[in-house]
Structure formats: C-alpha cells, structure tokens
Amino acid sequence: MNGVTKKKPSRRFIAGASCPSCAKIDTTYIDLRHKLEFRVCIRCEFEERRMESVSPKPLRFQPD
Ligand SMILES: [Zn+2]
C-alpha cells in the first residue's frame, strides 16, 4: 500500500488569515474548483478568486 495517492479534502483553511468582509480570523479556506483557487469564508458570503497558479511556459527558441 502506498499512501501517496490518498485523497485530500479540497478545503484548506488558511491559518491566521482574516476575512476581508467580516474580519473574522481562521474562517477563510481555499476551495479548489476547476483548477482555480477560491478563497471562501464560512462565516459570511465572502468569496474571492485567488491568483491563477502560474503555469510554466515552454521556452521557445526562434531560429534567426
Ligand atoms: Zn467572512
């Protein structure tokens, strides 16, 4: 058995982070939807899309 492919919950709470809407601490978590990260608060309706994860662009050398 290898526990590497163990399924993790998509909710990742942000320790010490405060909600910009209700100002509560430790109420926001990261929700993964369609490969996008959303920051969601469990205390209010706050929801915000986080920065898109940078995808590595392949280097292209153009012959001159
Ligand atoms: Zn909130």
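## Order of elements

Read from the N terminus, the protein chain of this predicted model follows the pattern β-β-β-β. It contains four strands and zero helices.

Confidence over the protein chain averages a pLDDT of 83, with 73% of the residues at 70 or more. Strand β4, residues 47–49, has the highest mean, 94, whereas β2 has the lowest, 91.

## The sheet

The four strands make an open sheet in the order β1-β2-β3-β4, with antiparallel pairing. The edges are taken by β1 (12–13) and β4; each has a single partner strand, so one side of each lacks a neighbour in the sheet.

Two bridges pair β1 with β2 in the antiparallel sense. Here F13 is placed opposite Y29 of β2. Between β2 and β3 (residues 36–41) there are six bridges, and these strands also run antiparallel. The antiparallel pair β3 and β4 is joined by three bridges, and F38 has R49 in β4 as its bridge partner.

## The hairpins

Two residues separate the strands in the hairpin of β2 and β3, and H34 has a positive phi near 55° there. The hairpin formed by β3 and β4 has five residues between its strands.

## Surroundings of I30

I30 belongs to β2, which spans residues 28–33. Its bridge partner in β3 is R39. R39 is also among the contacts of I30 beyond four places in sequence, together with R12, I14 and E37. In a regular strand, side chains point alternately to one face of the sheet and the other.

Is I30 buried, exposed or partly exposed? I30 is classed as partly exposed because 15 C-beta neighbours lie inside 10 Å, while a buried residue would need 20 or more and an exposed one would have 12 or fewer.

I30 can also be placed relative to R49: the two are 19 residues apart along the chain, and their C-alpha atoms are separated by 9.4 Å. R49 is the residue in β4 that bridges to F38.

## Burial and contacts over the chain

Of the 64 residues in the protein chain, 3% are buried. Among contacts with a separation of 6 or more, 11% involve residues 24 or more positions apart.

Key
Residues are numbered from 1 along each chain as its sequence is written. This is a predicted model: local features need pLDDT of at least 70, side-chain atom pairs count only at pLDDT 80 or more; totals for chains, interfaces and linings use all residues. Two residues are in contact if their C-beta atoms, placed from the backbone, lie within 7 Å. pLDDT is the predictor's confidence in each residue, from 0 to 100. Two strands pair if DSSP finds at least two bridges between them.
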